[in-house]
Amino acid sequence: MTRDDVEIIERRTLFQRFFRIDHYRLRHRLYAGGWTGEVHREVFERGHAVAVLPYDPAEDRVALVEQFRIGALAAGREPWLVEAVAGIIDAGEAPEDVARREAVEEAGVTLLALEKVQTILATPGGSSESCVLYCGRADLRGVGGIHGLPEEHEDIRVLVMPVAEALDMLAAGKIENATAVILLQWMALNRARLRRIWS
């Protein structure tokens, strides 16, 4: 099925501030034929994002970041999460430019090359957000410390580690951020190829 198999009866904004919540009244076609009754859904509109995993093929190390996340706190989880570098795409920005900008802002890393991994829908059951995932070639020697924009109240700790250590953290359940999980699993599958083409 396609977008043509959905009829939007009404869409209205319930809340608008930094994020937006829209209410939809709709119906859609059924696999067995015919249409659903009228369905009511709320959609969290938070924009679209980019996440990037900086990788140093010469040192076989990655840079991850750790920061406070209100969603994790609200979910009853530990609120400081280990993540990939990420940021929101502003109007008129190309995803590649966001990856490069955020790598500098959040981790002090200049990306030397980018490989697109995938575009994902973060939580399509209730949010329109998509996230473009990249792996970025970088020289991680001397990278570390605390980064982020003070005006955005960012307090971001950079963690540079061997890929094997990051994969061990993943296997031990110490990385709960979805984009970081996907990027590290992708890294496990593509590491040898990246070292070959980026070294």
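**Helix α3 and its surroundings**

Biologist: What phi does Gly173 take, just after α3?

Modeller: Gly173 has a positive phi of about 75°. Helices (H or I, at least four residues) and strands (E, at least two) are DSSP runs, numbered from the N terminus.

Biologist: What kind of model is this?

Modeller: It is a predicted model, where local features need pLDDT of at least 70 and side-chain atom pairs count only at pLDDT 80 or more, while totals for chains, interfaces and linings use all residues. Residues are numbered from 1 along each chain as its sequence is written, and side-chain values use heavy atoms, with hydrogens and water left out.

Biologist: Back to α3. Which residues of α3 are buried?

Modeller: Val163, Ala166, Met169 and Leu170. Buried means under 20% relative accessible area, exposed over 50%, and partly exposed in between (1.4 Å probe, protein chains only).

Biologist: How do they sit, seen down the axis of α3?

Modeller: The buried residues fall within an arc of 120°, so they line one face of the helix. The arc is that of the directions from the helix axis to the C-beta atoms. On the other side of α3, Asp168 and Ala171 are exposed.

Biologist: What do the buried residues of α3 pack against?

Modeller: Four strands and a helix: β4 (49-56), β5 (61-68), β6 (80-83), β11 (156-162) and α4. Contact means heavy atoms within 4.5 Å.

Biologist: At what angle do α3 and α4 pack?

Modeller: About 130°, for α3 (residues 163-171) and α4 (residues 178-198), with the axes 10 Å apart. That makes α3 oblique to α4. Angles under 35 degrees count as roughly parallel, over 145 as roughly antiparallel, 65 to 115 as roughly perpendicular and the rest as oblique. Axes are lines fitted to C-alpha atoms, for helices over the stretch in contact, and angles run from 0 to 180 degrees between N-to-C directions.

Biologist: Which residues make the contact?

Modeller: From α3, Val163, Ala164, Ala166, Leu167 and Leu170. From α4, Val181, Leu184, Gln185, Met187, Ala188 and Arg191. By class, that contact has 9 nonpolar, 1 polar and 1 charged residues. Ala, Val, Leu, Ile, Met, Phe, Trp, Tyr, Cys and Pro count as nonpolar, Asp, Glu, Lys and Arg as charged, and the others, Gly among them, as polar.

Biologist: New topic. Which residue in the loop between β4 and β5 should I look at?

Modeller: Asp60. Asp60 has a positive phi of about 55°, although it is not a glycine. Most residues other than glycine have a negative phi.

Biologist: Is Asp60 buried or exposed?

Modeller: Asp60 counts as buried, at 10% relative accessibility.

Biologist: And His153, where is that?

Modeller: His153 is in the loop between β10 (146-147) and β11. Phi of His153 is near 55°, again a positive value in a residue other than glycine. His153 is exposed, with a relative accessible area of 75%.

Biologist: Which strand holds Arg137?

Modeller: Strand β9 (residues 130-137). Arg137 counts as partly exposed, at 24% relative accessibility.

Biologist: What is Arg137 in contact with, leaving aside neighbours within four places in sequence?

Modeller: Tyr55, Pro57, Thr110, Leu111, Leu112, Ala113 and Trp198.

Biologist: Last one. How many helices and strands are in the chain?

Modeller: The chain has 4 helices and 11 strands. Of its 199 residues, 40% count as buried.
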